[in-house]
Amino acid sequence: MKQKFALKSISDDELLRRLSELLNHSRRVESELVAHIGEVDARRLYARTASSMFVYATKALGLSEYEAYLRIGVARAARKHPTLLEMLADGRLFLTGIARLAPLLTEANRESVLDRAVGMSKREIEELVAELSPKEDIPATIRKLPERR
């Protein structure tokens, strides 16, 4: 099988340069994809062939269930907060991070929350979410185990 990309023949520096360019291009394309998903969802164009945007994304577009769920959620959040698409495109935030932050974003806190999240890892964003929206501790319970026979 002939290798489509002859990567072994290029220099280390060229490989690293290309990788960086591809990643930047991928981020821009991802942002455009999410924007398109959001517009198809808003216009309900999926209804021509599917019962929901999720079904359309998985069946017609061939996304996995997780990919569809993630991108639809981010697309809906980006319709309320368009800056999310810019941050996705330039790499300040990533899909999973945006999906975790989206439920917490309001007009009032958007700028401060997103500024804090820039460059964070998934785990750091989860910690930020926990800080911004703490859940009550689950009360400790003790129950008697059944007697052994």
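**Salt bridges, pockets and a surface patch**

Q: In the salt bridge that Asp41 forms with Arg76, how far apart are the closest N and O atoms?
A: This is a predicted model, in which local features need pLDDT of at least 70 and side-chain atom pairs count only at pLDDT 80 or more, while totals for chains, interfaces and linings use all residues. Residues are numbered from 1 along each chain as its sequence is written, and side-chain values use heavy atoms, with hydrogens and water left out. A salt bridge is a side-chain nitrogen of Lys or Arg within 4 Å of a carboxyl oxygen of Asp or Glu. For Asp41 and Arg76, the closest N and O atoms are separated by 2.6 Å.

Q: How many residues apart in sequence are the parts that the pair of Asp41 and Arg76 ties together?
A: Asp41 belongs to helix H1 and Arg76 to helix H3, where helices are DSSP runs of H or I with at least four residues, numbered from the N terminus. Because the two partners sit in these two helices, the pair ties together parts whose separation in sequence is 35 residues.

Q: Is Asp41 buried or exposed?
A: The cut-offs are under 20% relative accessible area for buried and over 50% for exposed, with partly exposed in between (1.4 Å probe, protein chains only). Its partner Arg76, at 44%, is partly exposed. Asp41 has a relative accessibility of 12%, so it counts as buried.

Q: Which residue forms a salt bridge with Glu39?
A: The closest N and O atoms of this salt bridge are 2.9 Å apart, and the partner of Glu39 is Arg79. Glu39 lies in helix H1 and its partner in helix H3, so the pair joins parts that are 40 residues apart in sequence. Glu39 is partly exposed at 29%, and at 46% so is Arg79.

Q: In which helix do both Arg18 and Glu14 lie?
A: Arg18 and Glu14 form a salt bridge, with their closest N and O atoms 3.1 Å apart. Both are partly exposed, Arg18 with a relative accessible area of 34% and Glu14 with 23%. A network of salt bridges links these two residues with Arg17 and Glu21. Arg18 and Glu14 are four residues apart, about one turn of the helix, and that helix is H1.

Q: Which helix gives the most to the lining of the largest pocket?
A: On a 1 Å grid over the protein atoms alone, a pocket is an open set of points, each a place for a 1.4 Å probe, with protein on both sides within 12 Å along at least five of seven lines, and lining residues have an atom within 4 Å of a point. The largest pocket holds about 230 Å³ of space, and its lining includes Phe54, Tyr66, Arg76 and Pro103. Helices H3 (65-80) and H5 (95-101) each supply at least two lining residues. With seven residues, the helix that gives the most is H3.

Q: About how much space lies in the second largest pocket?
A: Among the residues that line this pocket are Leu23, Arg27, Glu30, Phe94 and Met120. Helix H1 gives the most to this lining, with four residues. A volume is the space filled by probe spheres set on the grid points, which are joined across faces, edges and corners, and for the second largest pocket this is about 160 Å³.
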